[in-house]
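Student: I should like to go through the assignments in this model and ask on what grounds each one rests. Could we begin once the structure is in view?

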There are 4 protein chains.
Amino acid sequence: MRNVIAVIGGGSCAPEDYARAREVGRLLAEQGYAVLTGGLGGVMEAAHRGAREADGLTIAVLPGSVAKEANPYAEIVILTGMGDARNVIVATSGRAVIAVGGSLGTLSEIALALKHNVPVIGLGSWTLPEHRVTGHGVMVVDTPEKAMHLVDGIITQGSD
Amino acid sequence: MRNVIAVIGGGSCAPEDYARAREVGRLLAEQGYAVLTGGLGGVMEAAHRGAREADGLTIAVLPGSVAKEANPYAEIVILTGMGDARNVIVATSGRAVIAVGGSLGTLSEIALALKHNVPVIGLGSWTLPEHRVTGHGVMVVDTPEKAMHLVDGIITQGSD
Amino acid sequence: MRNVIAVIGGGSCAPEDYARAREVGRLLAEQGYAVLTGGLGGVMEAAHRGAREADGLTIAVLPGSVAKEANPYAEIVILTGMGDARNVIVATSGRAVIAVGGSLGTLSEIALALKHNVPVIGLGSWTLPEHRVTGHGVMVVDTPEKAMHLVDGIITQGSD
Amino acid sequence: MRNVIAVIGGGSCAPEDYARAREVGRLLAEQGYAVLTGGLGGVMEAAHRGAREADGLTIAVLPGSVAKEANPYAEIVILTGMGDARNVIVATSGRAVIAVGGSLGTLSEIALALKHNVPVIGLGSWTLPEHRVTGHGVMVVDTPEKAMHLVDGIITQGSD
């Protein structure tokens, strides 16, 4: 089974977030991780783009049922046709979630990931008030490289 | 069509939240609203219990596919069998959402409701940092009565 | 908990199917059953219309996320926003399913209901070849009254 | 974007169906298609096994939320946690569906695929009575090779 990491964030985003998500995608692919996203534009496109630039495998879990809605860097397109109900799939199918920026859809995915004990790493994304979260909250980093270090630690730990 | 209000919160909860959710359910039913929840225990049960005490209609949108998992105050039981993917149904099927306390599942529902422009009223629940939310965030109140005032305003406004 | 019966069939249908579904809805409501459908037009509307004419409770489990898409006889509107993934909810939330006519969507619901051991009664609907079905297939009847007899038997049996 | 073909059928199956599904998987992989299934045993496992034997890419869209439930030949595991609601994903994410044997879950997927205009090829699987299906029904073949010919025709046609 391939190790899959999910990258989440806005379908439209600031250039800075796009650049960071692209770098995240590239680093993940270089380490051999498949990159799963919600399949649309913005951060999702950027992560897929970076991954493809490093010959990685990219998986788009689309809210709609039309493959053309996927960003052009998606290699495997999963058509759910179930709108935001697909967020739970994005949030839980990876060994970890990396959130880059993001708005309310991203927040729903962070919450669902943490609920299912999937580690969440945040790059300029949401943080949750500590007193409301049992266990781990969002692990905050400020560079794609630091996000990668955390991912590697998570995967190594899980393989013990 | 009946006006439906969703009440969300933890499947287990502190006695204080239980009491508040029960009062919320009672007030909603007295005003003629049907009370929709995720159908389990804790805040969900309390809201249904209060609503039934005022002869209200209660709707449980269960994550599982076994009716017996619904709390005993649920009148209409919807079996989704889709786990947390049902959160989007709970979050968007009401004219408003009232959140009482709650943990990560509740947070996912708050995020999804706001994304779909469903007003969210919070009683001791999550708040979202203003700089990350476009439009309305969680409307914070400290009593069930104040929650009801907001609900009435939302329904009246929507009927114009 | 209220006894809920699902009625399934085409979103557009022949006048004969409309008339039969309306009669089914009326008979169900007269016996105190709540009538759950996929919430759209055709057979779904007819069943809700008949149920409302007998003061019954009607529940629409819509594929979309806009309440106005529900037929005008729907009292409780559940917004799933998940397209045909909602078929599993319609197929499994009732104590029995009555299929009136219907095309491919209806067939998917019949299959899902039978898979979950929900009895299916067919009025001019699909039948399944016996050699492919373990256990019960579609119980074929030719009048709404006969469908009602089967429903009453199912509910009585289930309450033993 | 990679061409994905879905293979559907029972989670447990007769040795004959297992052998045919494995051959289908192998042929699909040899032609460069990724093989998507519901991720469990039986026909799903066989199709993934055959595909892996030809170095193909295999995708499991699981009903549950635990990766270990996937068959050992699944390379990419998608955790839906939504039970049979995931059938719509399996039915619609491929350019075509190949059904090998199968019971009620398979029938629901055939119906959903045809509803969404995804061509369905059947190997000892369900057939639908012609008078109830508008447009194409299940294309019946008796060998994996003939199924492959149809798949190639569908993909070529779709690329015009």
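Tutor: The contact between chain A and chain B takes 23 residues from chain A and 23 residues from chain B, where contact means heavy atoms within 4.5 Å. This is a predicted model, in which local features need pLDDT of at least 70, side-chain atom pairs count only at pLDDT 80 or more, and totals for chains, interfaces and linings use all residues. Residues are numbered from 1 along each chain as its sequence is written, chains are lettered from A and ligands numbered from 1 in the order in which they are written, and side-chain values use heavy atoms, with hydrogens and water left out.

Student: What area do chain A and chain B bury between them?

Tutor: About 1,900 Å², with 65% of it on carbon and sulfur atoms. Buried area is the accessible area (1.4 Å probe) that two parts lose on being put together, summed over both. On the side of chain A, D84(A), L104(A) and R132(A) supply 35% of the area buried against chain B, more than any other three residues.

Student: Why is the pair D84(A) and K115(B) called a salt bridge?

Tutor: The term requires a side-chain nitrogen of Lys or Arg within 4 Å of a carboxyl oxygen of Asp or Glu. In this pair the closest N and O atoms are 2.7 Å apart, so D84(A) and K115(B) satisfy the rule. The count between chain A and chain B is two salt bridges.

Student: Which helix of chain A gives the most to the side that touches chain B?

Tutor: Helix 3 (87–92) and helix 4 (104–115) of chain A each supply at least two residues of that side. Helix 4 of chain A gives the most, with eight residues. Helices (H or I, at least four residues) and strands (E, at least two) are DSSP runs, numbered from the N terminus.

Student: How many salt bridges are counted between chain D and chain A?

Tutor: Zero. The area buried between chain D and chain A is about 1,800 Å², of which carbon and sulfur atoms give 69%. Strand 2 (34–37), strand 4 (76–79) and helix 3 (87–92) of chain D each supply at least two residues of the side that touches chain A. Strand 4 of chain D gives the most to that side, with four residues.

Student: What makes R49(A) and E53(A) a salt bridge?

Tutor: Their closest N and O atoms are 3.8 Å apart, under the 4 Å limit, so the pair qualifies. Both residues lie in helix 2 of chain A, four residues apart, about one turn of the helix. Over all chains, the whole structure holds 32 salt bridges.

Student: How do you know that strand 6 and strand 7 of chain A pair?

Tutor: Two strands pair if DSSP finds at least two bridges between them. Four bridges join strand 6 (residues 120–123) to strand 7 of chain A, so the criterion is met, and the two run parallel. Within this pairing, G122(A) stands opposite V140(A) in strand 7 of chain A.

Student: Why are strand 4 and strand 7 of chain A placed at the edges of the sheet?

Tutor: The open sheet has seven strands in the order 4-3-2-1-5-6-7 (chain A), with parallel pairing. Strand 4 (76–79) and strand 7 (138–141) each have a single partner strand, so one side of each is left without a neighbour in the sheet.
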